[in-house]
Amino acid sequence: MDTRSGSQCSVAPEAVLNNGDLVLPPRISRVNGWSLPLHYFQVVTWAVFLGLSSATFGIFIPLLPHVWKYIAYMVTGGIFFFHLVIHLIASCIDPADFNVRLMKNYSQPMPIFDRSKHAHVIQNQSCHLCKVTVNKKTKHCISCNKCVSGFDHHCKWINNCVGSRNYWFFFSTVASATAGMLCLITILLYILVQYFVDPGVLRTDPNYEDVKNTNTWLLFLPLFPVQVQTLIVVIIGMVVLLLDLLGLVQLGQLLIFHIYLKAKKMTTFEYLIKTRKEESSKHQVARKDPCAQIEDGFLQQGDGALGSSAQGDKAKNSLLTFKCLYHHSTPLPSDKSSSEQEADDEPSPSSLGAKVKSFLLIYKSPCHFCTSVNLDGDSSAKEADGVRSQSSLGVNARDSLKIYRRPSPFSSTVHPEGGSTAQETDDAPSLSSLG
């Protein structure tokens, strides 16, 4: 569906990108599905319909026994004929708004929409291109370049817009095509089973009395019998079965989708607009995720400040470790002890500092080492897993802090001889506990 929505019931007929291709509205508005140029989807649809009809009534139904043959002719023939008529009606109807059909001259070229003068094509139920007043559910289709009443979508298979005037013809076209596919696949499966069980049941037509070779079959009975070998019939049957299954899957999904829309009292256009709004809201929620923001802020500044040195890699690894440990954080007990585990070894950027500080006061994160803070301001590291030594952890943490320092809710002074003193503000954990 080649449309774009606006806040005031609008669709702008300007050049748009559709799968990487630039789509321009036609200068002459389309009348119906037979207006040139024809879409190749439309050509494929009619070619498949004619091919399946020829194979069904000229090859497969004549192979059925007498009773089933006449039943298949009536049922399948009735469905195919109904589909043909409904398909033609859906393609031939002009779905334009009543005022457009009443006042518009389709032979005149349409003006080019100037967005510098108007924000939307349709504003206050008035179309700036068609120059008519339209109803509330009318949209201006970019593919047809006209206002369509009760716009649902632009269908490439019938090469026409689907609106309130031809929607039920379109729906009946999809339903009848699905029913015809089901009839055809039933006939093919019956012939396949009978061929392996009793092939003689498929040779009951009087024209087979003159055929002595069981490997010879007759096509286009009873008017134009053509003798072919079994392999030819098998190949035709496999091709028809493949097309039938593909068409049945596609048409079945489309039919179920439109049944769902009717149950929800929505159009395809309204469903797409609603889906896009929901996806947009999900992206906005994802952007507000504190973990994602902290990760982006840390890694962006870390890449610029630390470079590709060995110490920079260690610091960036510690930042990635924070992200993993944050999701497994546990609440602090109500009574604070003199020994606390820090949730972060580096302050966040200034824009996220307040959020990170609040998380530090609420959460604590499991870490590879815990820190005991003494009353005199010194800190000692205790190994949590018994693998890495205190000295190696202290050196790595001090190296990272020397290189990767940013403004934070607390200030820290690192001494070259290995000790560190921290001036804590707002009762936040000190950086010295990492040394």
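Here are a few friendly notes on helix 2 and the salt bridges of this structure.

1. Please keep in mind that this is a predicted model, where local features need pLDDT of at least 70, side-chain atom pairs count only at pLDDT 80 or more, and totals for chains, interfaces and linings use all residues. Residues are numbered from 1 along each chain as its sequence is written, and side-chain values use heavy atoms, with hydrogens and water left out.

2. A good place to start is helix 2, residues 66-92. Helices (H or I, at least four residues) and strands (E, at least two) are DSSP runs, numbered from the N terminus. Helix 2 has 27 residues and reaches 38 Å from its first C-alpha to its last, close to the 39 Å expected at 1.5 Å a residue (1.5 Å times one less than the number of residues).

3. Buried residues of helix 2 include Lys69, Thr76, Phe80, His83 and His87 (buried means under 20% relative accessible area, with a 1.4 Å probe and protein chains only). The buried residues of this helix pack against helix 1 (40-60), strand 8 (160-162) and helix 4 (167-197).

4. The salt bridge count comes to 2 (a side-chain nitrogen of Lys or Arg within 4 Å of a carboxyl oxygen of Asp or Glu). Aspartate 205 pairs with lysine 69, their closest N and O atoms being 3.5 Å apart. Aspartate 205 lies in the loop between helix 4 and strand 9 (216-219), and lysine 69 in helix 2, 136 residues apart. Both aspartate 205 and lysine 69 are buried.

5. Aspartate 94 forms a salt bridge with lysine 146, with 2.5 Å between the closest N and O atoms. This pair links the loop between helix 2 and helix 3 (98-103) to strand 6 (residues 146-148), 52 residues apart. Aspartate 94 and lysine 146 are both buried.

Methods: Buried means under 20% relative accessible area, exposed over 50%, partly exposed in between (1.4 Å probe, protein chains only). Contact means heavy atoms within 4.5 Å.
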